[in-house]
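Q: Please take a close look at one part of this model: how its helices pack. Which residues sit inside, which sit outside, and where do charges pair?

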Amino acid sequence: MDLRPSAVVAHLRSDLGRKAVKYSMVSVVGVVITQVVIIVTHGLLGWPGTASNVVAVSVSAVPAYILSRYWVWGKNDRNRLWGEIMPFWGMALAGLLLSTLFVAIVDNWTTSTLAVSAANLTAFGLLWVAKFFLLDRVLFHRGEPAPSPR
């Protein structure tokens, strides 16, 4: 892997690099929404950590899907329920299950909202790269362009 600045810039200008940057920005939006919901529900309202996490992940999944599909991968055709929406929600569910497990473990040790947020971020960080490649290679993959007629 070439880590020279010119090589990194060239990679970021590639199609995959631009998608990775946009995907990262979508993730930042998702993290902000998730963390705000956790802070409000757990920190201010006193909900249990796992309930706060379920609500936070559910709320943030909607803008994550919309931004990923339309902005990151530039898909403007019809949404496919079984080909896109359900698999995307499946990945969100996998993140929800892993983050809820992490949050439940932390919630048993401490009542700290910071620790609950850190557990949520750790779980989603573990899945982040795998989800990018699944979205790029499978879910939002456009396939090879059709050959032009002669």
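A: A helix here is a DSSP run of type H or I with at least four residues, numbered from the N terminus; a strand is an E run of at least two. By that rule the chain reads α-α-α-α-α from start to end. That is five helices and zero strands. The model is predicted.

Start with the overall frame. The C-alpha trace spans about 65 × 40 × 20 Å along its principal axes. Of the 150 residues, 31% are buried. Take contacts between residues at least 6 apart in sequence: 69% of them join residues at least 24 apart. The chain exposes about 9,200 Å². Carbon and sulfur atoms supply 71% of that area.

Now helix H4. How far apart are the end C-alpha atoms of H4, and what span is expected? The ends lie 40 Å apart. H4 has 29 residues, so at 1.5 Å a residue it should span 42 Å, and the two values agree. The expected span uses one less than the number of residues, which means 28 steps are not to be confused with the residue count.

Which residues of H4 are buried? The list runs Glu84, Phe88, Met91, Ala92, Gly95, Leu96, Ser99, Thr100, Val103 and Val106. These buried residues pack against H3 and H5. Buried means under 20% relative accessible area.

Two of these H4 residues, Phe88 and Met91, belong to the largest nonpolar core. That core has 12 residues. The other members are Tyr23, Val26, Ala64, Tyr65, Val72, Trp73, Phe132, Leu135, Leu139 and Phe140. Four helices each supply at least two of its residues: H2, H3, H4 (81-109) and H5 (113-139). A second core lies apart from it. This one has seven residues, including Val103, Val106, Val116 and Ala119.

Val26 gives a local view of the larger core. Set aside its neighbours within four places in sequence. Val26 then contacts Ala64, Leu67, Ser68, Trp71 and Val72.

H4 also holds a charged residue on the inside. Where does Glu84 sit, buried or exposed? Its relative accessible area is 0%, so Glu84 counts as buried. Side chains of opposite charge can pair when their charged atoms come close. Glu84 forms a salt bridge with Arg69, with the closest N and O atoms 2.5 Å apart. This pair links distant parts of the chain, since Glu84 is in H4 and Arg69 is in H3, 15 residues apart. Arg69 is buried, as is Glu84.

Glu84 has another partner, Arg80. Here the closest N and O atoms are 3.4 Å apart. Arg80 is partly exposed because its relative accessible area is 39%. Elsewhere, salt bridges with shared partners join Asp15, Arg18, Lys19, Asp136 and Arg137 into one network. The structure holds nine salt bridges.

Within that network, take Asp15 and Arg18. Their salt bridge has its closest N and O atoms 4.0 Å apart. Both residues lie in H2, three residues apart, about one turn of the helix. Asp15 is partly exposed because its relative accessibility is 47%. Arg18 is partly exposed too, at 45%.

Next, the outside. Which residues make the nonpolar surface patch? They are Val28, Val32, Val36, Val40, Leu44, Leu45, Trp47, Val55 and Val59. The patch covers about 780 Å². H2 (15-44) and H3 (49-72) each supply at least two of its residues. H2 gives the most, with five. Leu45 is found in the loop between H2 and H3. Leu45 has a relative accessible area of 53%, so it counts as exposed.

One last residue of H3 is Ile66. Ile66 counts as partly exposed because its relative accessibility is 44%. Ile66 and Lys131 are 65 residues apart in sequence. In space they are 15 Å apart, C-alpha to C-alpha.

To recap: the buried residues of H4 pack against H3 and H5, and Glu84 in H4 pairs with Arg69 in H3.

How values were computed:
Residues numbered from 1 in each chain as written. Predicted model: local features only at pLDDT ≥ 70, side-chain atom pairs only at ≥ 80, totals over all residues. Heavy atoms only, no water. Patch = residues over 30% accessible without salt bridge, like charges linked within 9 Å, V, L, I, M, F, W, Y side chains within 5 Å. Areas by Shrake-Rupley, 256 points an atom, 1.4 Å probe, with all protein chains shown as cover. Salt bridge = Lys/Arg side-chain N within 4 Å of Asp/Glu carboxyl O. Buried < 20%, exposed > 50% of the residue type's maximum accessible area, 1.4 Å probe, protein only. Core = buried A, V, L, I, M, F, W, Y, C linked by side-chain atoms within 4.5 Å. Contact = heavy atoms within 4.5 Å.
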